[in-house]
Amino acid sequence: MERHYVTAVFSDLSNATPLAQTEDPEIVAGLQSRIRRLAQELAEEHLGVVNQHYGDGILTIFGLPEPREDDVIRAVEYVLALHSRVPDIARDLAPVFDTQLHSGIDSGLVAASLGTLPSGVYEVFGDPLNTAARLSDAAAAGQVVANTEALGLAVEFFQTEAHGELTLKGIEHPVRAVRVLGRNTTATRYQASMRRGLTRFCGRRTEMLTLQQALDSARGGHLQLVSVVGESGVGKSRLVAEFLGTETVAQSVTLSGQCNEQSAAPLQPFLDMLRSQLPGETLASGENLVEVLDLYLESINTSLTGHTQTLSAALGTARVQSQASVVKALEDWFCDMCRKFDIVAAIDDWQWADDASRELLSRLLNYPIHALLVLGCRQVNSGDPAERGTMMRLPPFSAEETDQTVNHLLPLIVQPGIHRLIRERSGGNPLFIEELCRSVQAQHGQGGMELPATISGLIEAKTKRLSEAARQTVFACAVIGQRIPVALLTEIVGSTQSVAELVAADILYAVDVTTLEFNHGLTREVVHSIIPLQQLRRLHEQAAQTIIEQCRKRAVEEPVEVLARHYAQSRNYAQMVVYAAQAGDKALSTNTLDRARYHYQNGIEAMRRLPREAQDFSLWLQLSTRLALACTYAPSQSVVDILLDGEQWAEQVGDEAARAQVEYYLGWLYYAMGRQKEALRYSRISLQRAEALGAQKLRAQLFACIGQSAAAACDYPLADEYLDLAIDIKANRGAGKHPPIGWAYAVSCKALVVGDQGDFEQAAVLMETALQRVRGSMQAIEASVANSHNTIRSWRGRWQELIDGARAVQGLCERYSLPYVYASSRSSESYARWILYADPDALDILREATRQMVATEMELYVSLNCGWVADALSRAGAYGEAAEFGQLGLKYVAAGDRLGEAMILRALHRVAVMDSSAGLGDPQAYLQRAYAAAAARASKHEQAVTRLHEAVFTQQQGGDGWLPLVEQAVPAFRQMGMHWHLQQAQQLTSGAPVLDTQYHR
């Protein structure tokens, strides 16, 4: 059984039941037989395999037995040809019946082996087959429906239209689909990128200078040959295209040609150059080709007309009598062109050039002509005439260039560490960077970063061209990891002679004499995914045992994270549990929370696969509670379910201390998820149990949990009671010692409570006290405390301080991988930028950041972010969107998250006043609810801001009661140090425009 990336096409006969009911069975059988023969013929023509027949359905697979880079393109071309010809072959059998097919296309990883009829040419297993069949079901008669992600960049080779997001039977996630209508004129991947929209060209200054210098020499009468060498997707075609578009090249005549791995005609690149000089309509129709070509050749040099018949035959469909005569004709034409003009000629994919093209290039290099020839190729083989020119290897993008490209493609994605992840996985390959960015975009920044099978297939095709020894070596490398110690590789494969081949193929590079590394993380991932399962498990087990032996011999610490990964892949569950727990603890100790979550979850999954009698409750408790701790910033119902299982297990074994501990973590997770009712219930249950057990440390932690949940629910009397208890106990724990990190979080929660009630000076003191404890602590909690500080700054109108503080928080989130806090800080920063500068980009980021927060299971204080975006959108005049975000925010308010309630209601009041078509009803109702929300929290700043808000709209509507409202708000602003708001109030009384009137105008 082998593993391959394939493209599956499932085609079915439309309206088969009515056909069977109205036509003779012999006619139906004959029709099906003809369709199958046609499918077989077209599949062979397009290098695919008709694998199986299912009644009226036909399954055709591309990528078996050999993967090719253009499998997806050939698959779509095949099915379009099949659809176009089926009506014709069926017409004489069932002339009154409209015979059509409907088809589905998907790509992905499958397991396959040679099969036996009637099961098919190959035994194939994998989701792409099922998805292709379901997409076929979703297609109407005559339609071809394809998974958009499966097509990838190949979609640009065809005319398509959106088919929507489909929920398919048996398919877990919705599938974005397109209908494929036909082929377009796109011929190369670079042209496809142009259709999609090229990214901003960056870097490559040295390479552009080299090409310019070669052009200068060519104009001096010295033929110049430059080979731009680099791996697929590194940007060779883009570099040459950018060079051809420069002003200096505009003075020359440019010629271009393309080599092709499949179905390439002899001398194709040079014939492409000649075609580019002739009228397109002549070439399309074939009419008057000889006459037009003869006139063109005469305009270059009258002696060239002797080649007219030879060249017209080569350009058309006539049989060429002598290949040598075509070579001579093109040689003469090209040389005469160079004598008459400055020529810049470019040939792409020279590695696929035929022998005749290589011969012609070799002959041209002997002439002293005014020409620059630029060849784009992956590698230049020994003996190729391209060796006679300048070899310019095109490197991947640097980290800076990669970041520039990511910023261009993902201006609104709010995801920490995105640049680092894309750098690591792409290795600086521009094509991989672009596809990864588009995958992130398709996943709306929720952590997804999958490549379409077109790219995976491209990488697999590269590995398929390796020798068998090199292929087995790269399998071992992929198992070892991104970085490969040469000593470990030697132990596993016995010899490293094939490494040179892998380096030459741009798969590996040598970091130093002891270490190899994959050029791209993606290459390693794809290679790892195609290793046969039994071999994969065996290699991982071998790698783990070899590492342990080497560590014992050298008396060094075992790399527990690496061993956990190897035992996970080898399915050695007993060892996997042990090392996963150790790896999780190590990651947790360095605050690498995402890695800690990964290892703990793997450990729990491994323990579930062990026999019940082999499961250790104490180890389960360790894994589950530490997983909960690692999930503080990424809580989920699945982790809650794990803890609930642990609670039941603790009850069964009668371990009251374990039950209290599990319930404590349940309270904490529910707090982070914004579900304060459940959080308070579990925290109180755990507190009762802790007090009965005399567990003083846990008791203090639970005081903090109850206090922070009450603060999040805006139950400030309860919050004050329990936060004060927690702060006092934690502060006094251990003479001469710093209070624990959790103490700082409790203090920051207290600061939020105090600040919301209007005592900003005391809140500032408390917040600085908390920050002093966590600043530089290398703990993720520093980001949370600093983010809470920014919330208080937003209430006070300290906008520039907020912007600076939010950017500092984002740096911490990058370090600790905290997506929710990162999105929250981007949201607060963007709101401040909108308030200060009415920056439309900030409004876009604010909207996107809030959407990303809403899409997670962590919903702590999300009503505040909904309030910011609703307020900004309503000020910007985007009333419909503002109403949507406002109503969304009120759902969180109804669930107990009230921090953004008053702001949301003010925004909805603004929308109701400004846009009666929004259907929000009586504006005054929202205003009164805003006052009530502020009063319920005893929030002095919300009360004052609501008065100013009412004053603005009362004045705008010509009412008389606005001035008393301002007079009430001004002293409150002055007392609380809300200077920006005070300035707004003073502007209103002086007749100058305030924020609302500025934006609405």
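In which helix do Arg847 and Asp844 both lie, and how many residues apart are they? Both sit in helix 38 (residues 840-854), three residues apart, or about one turn of the helix. The model you are looking at is predicted, and in it these two side chains form a salt bridge, with the closest N and O atoms 2.9 Å apart. Arg847 is buried, at a relative accessible area of 13%, whereas Asp844 counts as partly exposed at 28%.

That pair is one of 55 salt bridges in the structure. Another joins Lys750 to Asp720, again with 2.9 Å between the closest N and O atoms. Here the link runs between distant parts of the chain: Lys750 belongs to helix 33 (residues 741-756) and Asp720 to helix 32 (residues 716-731), 30 residues apart. Lys750 is buried because its relative accessible area, 13%, falls under 20%.

Now follow the chain to Glu942 and Arg906, whose side chains meet in a salt bridge at 3.0 Å, N to O. Glu942 lies in helix 43 and Arg906 in helix 41, so this pair ties together parts that are 36 residues apart in sequence. Both partners are buried, Glu942 at 3% relative accessibility and Arg906 at 7%.

Arg906 also leads us to a cavity. Five cavities of 30 Å³ or more turn up in the whole structure, and the largest holds about 320 Å³ of space. Among its 23 lining residues, Arg875, Arg906, Val945, Trp980 and His981 are the closest to the centre. Helix 43 gives the most to this lining, with six residues. By type, the lining divides into twelve nonpolar, five polar and six charged residues.

How values were computed. Residues are numbered from 1 along each chain as its sequence is written. This is a predicted model: local features need pLDDT of at least 70, side-chain atom pairs count only at pLDDT 80 or more; totals for chains, interfaces and linings use all residues. Side-chain values use heavy atoms; hydrogens and water are left out. On a 1 Å grid over the protein atoms alone, a cavity is a set of points where a 1.4 Å probe fits but cannot get out, and a pocket is an open set with protein on both sides within 12 Å along at least five of seven lines; lining residues have an atom within 4 Å of a point. Grid points are joined across faces, edges and corners, and a volume is the space filled by probe spheres set on the points. Helices (H or I, at least four residues) and strands (E, at least two) are DSSP runs, numbered from the N terminus. Ala, Val, Leu, Ile, Met, Phe, Trp, Tyr, Cys and Pro count as nonpolar, Asp, Glu, Lys and Arg as charged, and the others, Gly among them, as polar. A salt bridge is a side-chain nitrogen of Lys or Arg within 4 Å of a carboxyl oxygen of Asp or Glu. Buried means under 20% relative accessible area, exposed over 50%, partly exposed in between (1.4 Å probe, protein chains only).
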